[in-house]
Amino acid sequence: MSITLRQLEIFIAVAETAQVTKASKKLFVTQSAVSMALAELENQLGGSLFDRHGRSLLLNARGRYLLPLAKDITCQVANVESIMSERNDTLEGHIDVVASTTLGNYILPYLIGAFKRVHPRVHVNLLVYNTTQAEKLVSEGHSDVGYVEGILGKNSEMKVRPWFQDELVILCGPTDPLAHNEFFDVNSDLEGKKWIMREKGSGTDATFREKMGAYLDKMNVVMEMGHPEAIKRAVESGAGIACLSSLSVCRETEHGWIKALKVKGLDMRRQLRVIQRKDKELTDELVEFLNFCDVMTTCNEDRVCLSSPWKLQSLLARHSAQKR
């Protein structure tokens with residue numbers, strides 16, 4: 001018997017909740033159905049996928065290998081369903097979007113791709129800069145709308161509204177002693193660490209410095225880099241630790257290439273924002289795009305739909321189905 005999509009969905013739910021009971025509630029099925037599907041999947045794959053610890057089910061090495069593959073498969077199926085069910089749309093035009101680095105690389109491409117499937121005649125041009133440059137492009141009228149993560153300047157001509165919240169996490173390599181921890185304690189873990197920072201002007205750097213405040217003098221900054229991907233590779237190689245958005249490290253943490261730690265004792269959440277000129281004319285296609293991207297505000301407090309791209313795609317597929 002072949003592996004079914006439902007088995008993979010149940011496997012993912014159990015991996016995320018670590019309990020059959022919670023997975024069954026999440027999927028609105030019985031506990032016995034979850035247990036049976038999981039047992040069948042393990043039998044078909046020739047071995048267990050979880051280690052049992054009391055009532056908890058924790059992924060073993062085989063399960064950790066399967067998880068990203070299962071997520072990719074379910075995401076592709078959702079995409080196919082969405083694409084095949086979409087109707088042709090008469091909306092057409094051109095939208096210029098600018099986004100700061102984290103949003104432009106890890107969120108907006110998925111949103112724009114999904115938007116284009118619904119509105120194939122609308123051309124969307126996306127530019128990616130740090131927050132300072134993105135704000136300038138919107139202010140000067142070169143971009144219709146901006147999605148930014150950093151601290152904005154005081155510009156009376158700019159309309160700013162909240163989008164959704166993100167959280168900064170501390171990153172370390174898999175062989176770093178910090179990798180055995182679940183949290184980064186600012187009172188005890190700063191000493192002796194080499195820090196890799198984002199460049200000045202980036203939203204992540206500005207937020208990090210604002211949050212860390214008095215702790216900055218205790219930090220040994222060994223390098224600055226202009227892109228999250230470069231920072232992640234440096235951390236993975238053991239060059240130091242860093243602080244980036246949780247949005248940017250989904251793949252690496254799922255594969256175990258780096259460890260992401262929430263900061264103990266500090267609130268590292270930040271408000272992401274949408275910026276436009278107050279006098280900007282709102283075309284039909286721009287209004288539709290803004291409304292489409294606002295689906296991100298439906299995420300719950302755990303930001304579960306943002307923890308990886310496949311979950312974002314799943315959220316968009318559900319939103320599209322509800323509209324239909």
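Lys259 is partly exposed, with a relative accessible area of 22%. This report concerns a predicted model, and it treats salt bridges, aromatic pairs, and selected single residues in turn.

**Salt bridges**

Lys259 forms a salt bridge with Glu182, in which the closest N and O atoms are 3.9 Å apart. Because the criterion admits a side-chain nitrogen within 4 Å of a carboxyl oxygen, this pair qualifies at 3.9 Å. Lys259 belongs to strand β11 (residues 259–264), whereas Glu182 sits in the loop between β6 (158–172) and β7 (183–185), so the bridge ties together parts that are 77 residues apart in sequence. Glu182 is exposed, its relative accessible area being 56%.

By the same rule, the count for the structure comes to 22 salt bridges. Another of them joins the side chains of Glu199 and Arg198, with an N to O distance of 2.9 Å. Both of these residues, Glu199 and Arg198, are buried.

A further salt bridge is found between the side chains of Lys232 and Glu229, at 2.7 Å from N to O. Lys232 and Glu229 both lie in helix α9 (residues 228–236) and are 3 residues apart, which means that about one helical turn separates them. Lys232 counts as buried because its relative accessibility is 1%, whereas Glu229, at 27%, counts as partly exposed. Salt bridges with shared partners join Glu229, Lys232, Arg233, Glu236 and Glu252 into one network.

The distances of the three bridges described here are collected below.

| Salt bridge | N to O distance |
|---|---|
| Lys259 and Glu182 | 3.9 Å |
| Glu199 and Arg198 | 2.9 Å |
| Lys232 and Glu229 | 2.7 Å |

**Aromatic pairs**

A search of the whole structure finds 8 aromatic pairs. The ring centres of Phe115 and Phe289 are 5.2 Å apart and the ring planes stand at 90°, so this pair is edge-to-face. Phe115 lies in helix α6 and Phe289 in helix α11 (residues 284–293), so the pair ties together parts that are 174 residues apart in sequence. Phe115 counts as buried, at 0% relative accessibility. Phe289 likewise counts as buried, with a relative accessibility of 0%.

The rings of Trp195 and Phe208 offer a second geometry: their centres are 5.5 Å apart and their planes meet at 40°, so the pair is tilted. Trp195 is in strand β8 (residues 194–198) and Phe208 in helix α8 (residues 203–212); the two residues are 13 apart, and the pair links distant parts of the chain. Trp195 and Phe208 are both buried.

Phe115 and Phe289 also belong to one aromatic cluster, together with Tyr147, Trp163, Phe164 and Phe292.

**Lys116 in helix α6**

Helix α6 (residues 108–118) also contains Lys116. With a relative accessibility of 28%, Lys116 counts as partly exposed. Apart from its neighbours within four places in sequence, Lys116 is in contact with Val122, His123 and Val124. The C-alpha atoms of Lys116 and Phe289 are separated by 9.7 Å, although these residues are 173 apart along the chain.

**The loops on either side of helix α2**

Gln19 is placed in the loop between α1 (5–17) and α2 (20–27). Its relative accessibility is 16%, so Gln19 counts as buried. When neighbours within four places in sequence are left aside, Gln19 is in contact with Val14, Arg55 and Ser56.

Ala18 is also found in the loop between α1 and α2. Most residues other than glycine have a negative phi. Ala18, which is not a glycine, nevertheless has a positive phi of about 65°. At 18% relative accessibility, Ala18 counts as buried, because the limit for that class is under 20%.

Phe28 provides another case of positive phi in a residue that is not a glycine, with a value of about 60°. The position of Phe28 is in the loop between α2 and α3 (31–45). Phe28 counts as exposed, at 76% relative accessibility.

Notes
Residues are numbered from 1 along each chain as its sequence is written. This is a predicted model: local features need pLDDT of at least 70, side-chain atom pairs count only at pLDDT 80 or more; totals for chains, interfaces and linings use all residues. Side-chain values use heavy atoms; hydrogens and water are left out. Helices (H or I, at least four residues) and strands (E, at least two) are DSSP runs, numbered from the N terminus. Buried means under 20% relative accessible area, exposed over 50%, partly exposed in between (1.4 Å probe, protein chains only). Contact means heavy atoms within 4.5 Å. Rings of Phe, Tyr and Trp (its six-membered ring) pair if their centres lie within 6.5 Å; planes under 30 degrees apart count as stacked, over 60 as edge-to-face and the rest as tilted.
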